[in-house]
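Q: Please examine the model shown here and explain the terms used to describe it.

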Amino acid sequence: MIEVAIVSGKGGSGKTTLASSLAFLLNEEKIKIVVADADVDTPSLHFLLQLKEVISNLNVNFSRKASLEESLCSKCMKCVYACQFSAITITGNFPKIDKYLCEGCGACKIVCPSSAIKIEETTTGKLTVGVSKYGFPFVTAQLELGEHNSGALVDTVRSKAREIAAKNGADLILIDGAPGIGCPVTSTLVGVSYAIIVTEPTPASEDGAKRVLEVAKHFGIKSGFVVNKANISNYREHIVSALEEQGSEYLGDIPLDFSVVKALSEGRPVAEYDSVASRAMRKVFFRIKEVALKL
Amino acid sequence: MKTNLVAVVGGKGGVGKTTVAVGLAISLSKSKKVLLVDSDVDNPNCHESLNLKVQKLKDVTSFLPKIDESRCIKCGACVSSCSEHALFMVPKTVPKLLENNCSGCKSCFYSCPVAAIEESSKVLGEVFFAEKNNIKLVGGKLKPGEARSPLVVEALMEYAIGEAKNYDMVVVDCAPGVGSTVTRALKKANLAIVVTEPTPLGINTLKLSTMLLEKLSIPYLIVLNRANVSQEFRERILEEHNVVAEIPYDNSLIEASAKRSHIIIEAPNHPASLALVKLGNKISNLINLD
């Protein structure tokens, strides 16, 4: 069983569009897959893969938050200076803990001389396991608004996907990643066997692709890239040679055509349509199958 | 003095936050001194649209423990204090550090009974700056391989808030998402602009972003980007929300970005540019009224 992640650095380059179509095409070829949405801040793959059945929908509670019992507080303010995350400020006579900025590390509790601080477990997000209308298992999660534990929630999504894959004897776990290169993305990339970078022909997207490629290389992960919306600017040649030079394999172009917007609006993978973009998607899929999945 | 801080958020990546933030900064800079803050530290892009070379202002570092083996009494207090499981020990040996797991919270430092932990640090990223006409750009950049973007945002915002008094207006371009990278950038915002697009994904992230802003009690305006790509979803958004500006999409926006420029510079009379200027005026007026 192998794991493949789709990432981009810059957001909006087409990760979810590609992920939904790859899932659809893999399934069409009777390859046993489990699909996971690792963009836990703003998950959206379920809009295109449509859950026909929800198997479980559970709160994940591994975040921790500090809270202050004012009646015990000696107002020494040691906690204010101990916090490395600027989560405690002095408001009036008491320290005030901002629950959005608190990381629950417990440093304030350690320095408090009057045991006025408690650390409590709180909700990190919601984990949903279901079956896509196309028939394969699908794992997704939604981070609690303002939370900081997105990486840990991604870990939970991935272990759930692995558990299902092991039980079903799946060949492949396909992971749709978050934008960026931070916590949720490092958690998405660690341990995958191949990363597919989706980029578009603009300098901003090139920059994002190069940064996420650097992260992939940092973890020793092989990668390839797809130029999405390849026909929208003449920056395409530049981006292909720039990324090849950095050691990523070129996997193909996908042009922008109206079917992509239509598919998105109708909540279906673009590969389900017959269009220029969808034919290009199939070509990219066969290339990915050959170089990344070795299937 | 009150800081005039407007933050541009969007939830979804690639929805047009940077296009709006940079367009707003350029439009406001005609009559005001503007500080533009790029808080998308995973992928800062504002300098691309302004065609600016950025310079490093300072490193962003976080605490890293260094154990003095001669003083360590191998009690394990630091190991049990570490909520990230970055410290571990084989019984009766000096604890070992897994540097990648360390959040820099200093709990180990505070819990050590014999002061055997010294303060060391690691670089998480940097704060950079650049200047052009009436706009000063400051931004943060996470080092690839590091995961703690919120801490780079925190250092950037601390610097930006300190600088804010020298400017009429601060415009903050936020990261995608609705997690703490965004909440840290929103800390001092007195107004937010939520950018969305007429797709099911846009509608969903609009909902998440507005819920977050309501929880944080920050007033917001909604901007509909690529307003012309779906009439059906555009109408759905307009039915439910008060949209203050609609930015139409066509290829000239991409061409401008491929040239490391912005539509408002390349084509000042383009409907997208006019919409951004109008938005700038609206925000100026809102702030003058205050």
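Q: How many residues does each chain bring to the contact in this predicted model?
A: In this predicted model, 57 residues of chain B and 55 residues of chain A take part in the contact. Together the two chains bury about 4600 Å², of which 61% lies on carbon and sulfur atoms.

Q: What makes Arg184(B) and Glu103(A) a salt bridge?
A: The closest N and O atoms of Arg184(B) and Glu103(A) are 3.9 Å apart. The cut-off for a side-chain nitrogen of Arg and a carboxyl oxygen of Glu is within 4 Å, so the pair qualifies. The count between chain B and chain A is one salt bridge, alongside 21 residue pairs in polar contact, both residues being at pLDDT 80 or more.

Q: Which element supplies the largest share of the side of chain B that touches chain A?
A: That element is H7(B), with eight residues. By class, this side of chain B comprises 22 nonpolar, 23 polar and twelve charged residues.

Q: Why is H1(A) called roughly perpendicular to H10(A)?
A: The axes of helix H1 (residues 15-28) and helix H10 (residues 276-293) of chain A come within 10 Å and cross at roughly 75°. Angles of 65 to 115 degrees count as roughly perpendicular, and therefore H1(A) is so described relative to H10(A).

Q: Which residues make the contact of these two helices, and how do they divide by class?
A: H1(A) contributes residues including Leu18(A), Leu22(A) and Phe24(A), while those of H10(A) include Met281(A), Phe285(A) and Ile288(A). The contact of H1(A) with H10(A) divides into ten nonpolar, two polar and two charged residues.

How values were computed. Residues are numbered from 1 along each chain as its sequence is written. Chains are lettered from A and ligands numbered from 1 in the order in which they are written. This is a predicted model: local features need pLDDT of at least 70, side-chain atom pairs count only at pLDDT 80 or more; totals for chains, interfaces and linings use all residues. Side-chain values use heavy atoms; hydrogens and water are left out. Contact means heavy atoms within 4.5 Å. Buried area is the accessible area (1.4 Å probe) that two parts lose on being put together, summed over both. A polar contact is a pair of N or O atoms within 3.5 Å; within protein, one must be able to donate a hydrogen and the other to accept it, and residues adjacent in sequence count only if both atoms are side-chain atoms. Helices (H or I, at least four residues) and strands (E, at least two) are DSSP runs, numbered from the N terminus. Ala, Val, Leu, Ile, Met, Phe, Trp, Tyr, Cys and Pro count as nonpolar, Asp, Glu, Lys and Arg as charged, and the others, Gly among them, as polar. Axes are lines fitted to C-alpha atoms, for helices over the stretch in contact, and angles run from 0 to 180 degrees between N-to-C directions. Angles under 35 degrees count as roughly parallel, over 145 as roughly antiparallel, 65 to 115 as roughly perpendicular and the rest as oblique.
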